[in-house]
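Please open the model in your viewer and set the display to a backbone trace with side chains available on demand. The tour proceeds by selections, and each stop says what to pick and what is found there.

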Amino acid sequence: MLDALLFTKTSPILASLYPDCLWKVNTKEKNLYLTFDDGPIPEITPFVLDELKKWKAKATFFCIGKNIEANPEIFKRIIREGHSIGNHTYNHTNGWKHTNLIYYKDIQKCARLISSFKIQHSAYPTPHLFRPPYGKLKISQYRALRSKYKIIMWDVLTFDFDLKKNAKSVLSAAVKHSAPGSVVVFHDSLKAKPKVEYALPKVLEHFTAKGFKFEKL
Ligand SMILES: [Zn+2]
């Protein structure tokens with residue numbers, strides 16, 4: 001079973017056990033890959049988009065289907081502004097707690113919704129990117145999904161979703177552990193909102209000053 005949530009920085013050993021997942025982009029270029037899970041929602045996703053625009057940054061949004069359905073205009077804005085979209089299931093379903101059939105159906109429901117928007121943009125539809133909610137995936141699910149989706153895990157987890165962590169620790173996790181090619185996890189969720197509002201502008205400023213670019217997956 002895959003459960004990568006425990007550490008801020010993903011260990012190469014864990015990553016090597018799941019070689020068909022993307023943990024980090026293999027590059028020496030100063031590129032960072034910011035990812036935002038669990039949106040889109042009006043309380044924080046527009047803030048994230050405004051900040052990314054200010055710094056000419058691109059990112060990847062792993063959207064929950066039911067949030068796309070509730071907030072289609074924000075979803076369309078993500079696409080229009082040239083970011084990538086990934087599938088994060090329709091109901092934020094935990095792969096460990098459900099049968100494979102229920103899990104795959106939830107992913108398909110989100111996939112159908114993502115591809116149902118009639119938007120003309122070079123970035124849409126995006127390649128099949130998938131991130132399992134909670135980072136939890138049974139081996140059988142990993143094997144079944146890896147041929148259809150690029151499964152995106154991460155190199156740096158900021159713990160912005162953790163109510164026990166404060167905004168400064170989220171910022172320092174991102175600053176301390178990100179390196180060329182890092183895939184960094186944030187959340188555009190209510191739980192993460194105050195921490196993202198604090199940390200994201202500073203992360204963008206810090207790494208831009210160091211010559212990094214922010215790219216989408
Ligand atoms: Zn999630």
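What follows is a walk through a predicted model, going from helix to helix and then into the loops.

**First stop: helix α2**

Begin by selecting residues 45-54, which form α2, and colour Thr45, Val48, Leu49 and Leu52, the buried residues of this helix. If you turn the view until you look down the axis of α2, these buried residues fall within an arc of 100°, so they line one face of the helix. Asp50 and Lys54, by contrast, are exposed on the other side of α2. To see what lies over the buried residues, add β3, α4 and α8 to the selection, since these are among the elements that cover them. Just beyond the end of the helix, select Lys56, which takes a positive phi of about 50°.

**Second stop: from α2 across to α8**

Keep α2 on screen and add helix α8, residues 193-209. Two packed helices are described by the angle between their axes and the distance between the axes. For α2 and α8 the angle is about 15° and the axes are 10 Å apart; the two helices are therefore roughly parallel to each other, and their crossing is right-handed. Which residues of α2 meet α8? On the α2 side they are Phe47, Val48 and Glu51, and on the α8 side Val196, Glu197, Leu200, Pro201 and Leu204. Sorted by class, this contact has 6 nonpolar residues, no polar ones and 2 charged ones. Val48 is worth highlighting twice, as it is one of the buried residues of α2 and also takes part in the meeting with α8.

**Third stop: α8 with α7**

Now hide α2 and select helix α7, residues 167-177, together with α8. Their axes come within 8 Å and cross at roughly 30°, and this crossing, too, is right-handed. From α7 the contact draws on Ala167, Val170, Leu171, Ala174 and Val175, while α8 contributes Pro194, Lys195, Tyr198, Ala199, Lys202, Val203 and His206. These residues divide into 9 nonpolar, 1 polar and 2 charged.

Within this contact, centre the view on Tyr198, which lies in helix α8. Is Tyr198 buried or partly exposed? It has 16 other C-beta atoms within 10 Å, and so counts as partly exposed. Leaving aside neighbours within four places in sequence, Tyr198 is in contact with Ala167 and Leu171. If you draw a distance from the C-alpha atom of Tyr198 to that of Leu171, the two are 7.9 Å apart in space, although 27 residues separate them in sequence.

**Fourth stop: helix α4**

Select residues 72-80, which make up helix α4, and show Ile74, Phe75, Ile78 and Ile79 as its buried residues. Seen down the axis of α4, they fall within an arc of 145°, so they line one face of the helix. Among the elements that cover them are α2, β4 (60-63), α3 (65-70) and β5 (84-87). After α4 comes Gly82, whose phi is positive, near 85°.

**Fifth stop: backbone features in the loops**

Most residues other than glycine have a negative phi, and most peptide bonds are trans. With that in mind, select the loop between β3 (31-37) and α2, where Pro40 lies. The peptide bond from Gly39 to Pro40 is cis, with omega near -5°.

Next, move to the loop between β5 and α5 and select Thr89, which has a positive phi of about 70° although it is not a glycine. With 27 C-beta neighbours inside 10 Å, Thr89 counts as buried. His92 is found in the loop between β5 and α5 as well, and its phi, near 55°, is again a positive value in a residue other than glycine. Here, however, there are 17 C-beta neighbours inside 10 Å, so His92 counts as partly exposed.

**Last stop: Leu101**

Finish at helix α5, residues 100-114, and pick Leu101 within it. Leu101 is exposed, because 8 other C-beta atoms lie within 10 Å and the cut-off for exposed is 12 or fewer. As a last distance, connect the C-alpha atoms of Leu101 and Gln120, which are 19 residues apart in sequence and 33 Å apart in space.

Note on methods
Residues numbered from 1 in each chain as written. Predicted model: local features only at pLDDT ≥ 70, side-chain atom pairs only at ≥ 80, totals over all residues. Buried ≥ 20, exposed ≤ 12 C-beta atoms within 10 Å, placed from the backbone. Helix = DSSP H or I, 4+ residues; strand = E, 2+ residues; numbered from the N terminus. Arc of directions from axis to C-beta. Contact = placed C-beta atoms within 7 Å. Axes fitted to C-alpha atoms, helices over the stretch in contact; angles between N-to-C directions. Parallel < 35°, antiparallel > 145°, perpendicular 65-115°, else oblique. Left-handed = near helix turned anticlockwise from the far one by under 90°. Nonpolar A, V, L, I, M, F, W, Y, C, P; charged D, E, K, R; others polar.
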